[in-house]
Amino acid sequence: MKYEMNKVGLFIFILCITAGITDLGMVVLGGVNGSISSYVVSIIGPQAPVVVFVCGLVAGHLFFPMQQIFPKDKP
């Protein structure tokens, strides 16, 4: 089976990698206050707290999924 990534998925992947590298560079050079998340929380947060909440919710669901509590049923 061959897996392919469409152009939109590739663009989003490259965008996320670029944002991550840029954020890492900002943190290394400018400290934690230079990070993208610090900017979003301090500048956008007071004006639109829903944006910060939704970004955190999406990131939490994508990168920190909850572990399964109950054991899977074995057939």
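A residue is called buried here when its relative accessible area is under 20%, exposed when that area is over 50%, and partly exposed in between, with a 1.4 Å probe and protein chains only. With the whole chain displayed, bear in mind that 4% of the 75 residues of the protein count as buried. This is a predicted model, in which local features need pLDDT of at least 70 and side-chain atom pairs count only at pLDDT 80 or more, whereas totals for chains, interfaces and linings use all residues. Residues are numbered from 1 along each chain as its sequence is written, and side-chain values use heavy atoms, with hydrogens and water left out.

Switch next to a cartoon, where the protein shows 3 helices and 0 strands, the helices (H or I, at least four residues) and strands (E, at least two) being DSSP runs numbered from the N terminus.

Now select Ile36, Ser37, Cys55, Ala59 and Phe63, which lie nearest the centre of the largest pocket among its 16 lining residues. A pocket is an open set of points on a 1 Å grid over the protein atoms alone, where a 1.4 Å probe fits and protein lies on both sides within 12 Å along at least five of seven lines; lining residues have an atom within 4 Å of a point. Helix H1 (7-30), helix H2 (36-44) and helix H3 (49-63) each give two or more residues to this lining, and H3 gives the most, with 7 residues.

Stay with Ser37, which is found in helix H2 and counts as partly exposed because its relative accessibility is 48%. A distance drawn from the C-alpha atom of Ser37 to that of Gly56, 19 residues apart along the chain, comes to 9.7 Å.

Finally, select Phe53, which lies in helix H3 and, at 57% relative accessibility, counts as exposed. Adding Val50, Val54, Leu57, Val58, Leu62, Phe63 and Phe64 to Phe53 displays a nonpolar surface patch of about 890 Å²; such a patch joins nonpolar side chains (Val, Leu, Ile, Met, Phe, Trp, Tyr) within 5 Å, from residues with over 30% relative accessible area and no salt bridge.

How values were computed:
Patches are made of residues with over 30% relative accessible area and no salt bridge: like charges are joined within 9 Å, nonpolar side chains (Val, Leu, Ile, Met, Phe, Trp, Tyr) within 5 Å. Accessible areas come from the Shrake-Rupley method with a 1.4 Å probe; for residues, only the protein chains shown count as cover. A salt bridge is a side-chain nitrogen of Lys or Arg within 4 Å of a carboxyl oxygen of Asp or Glu.
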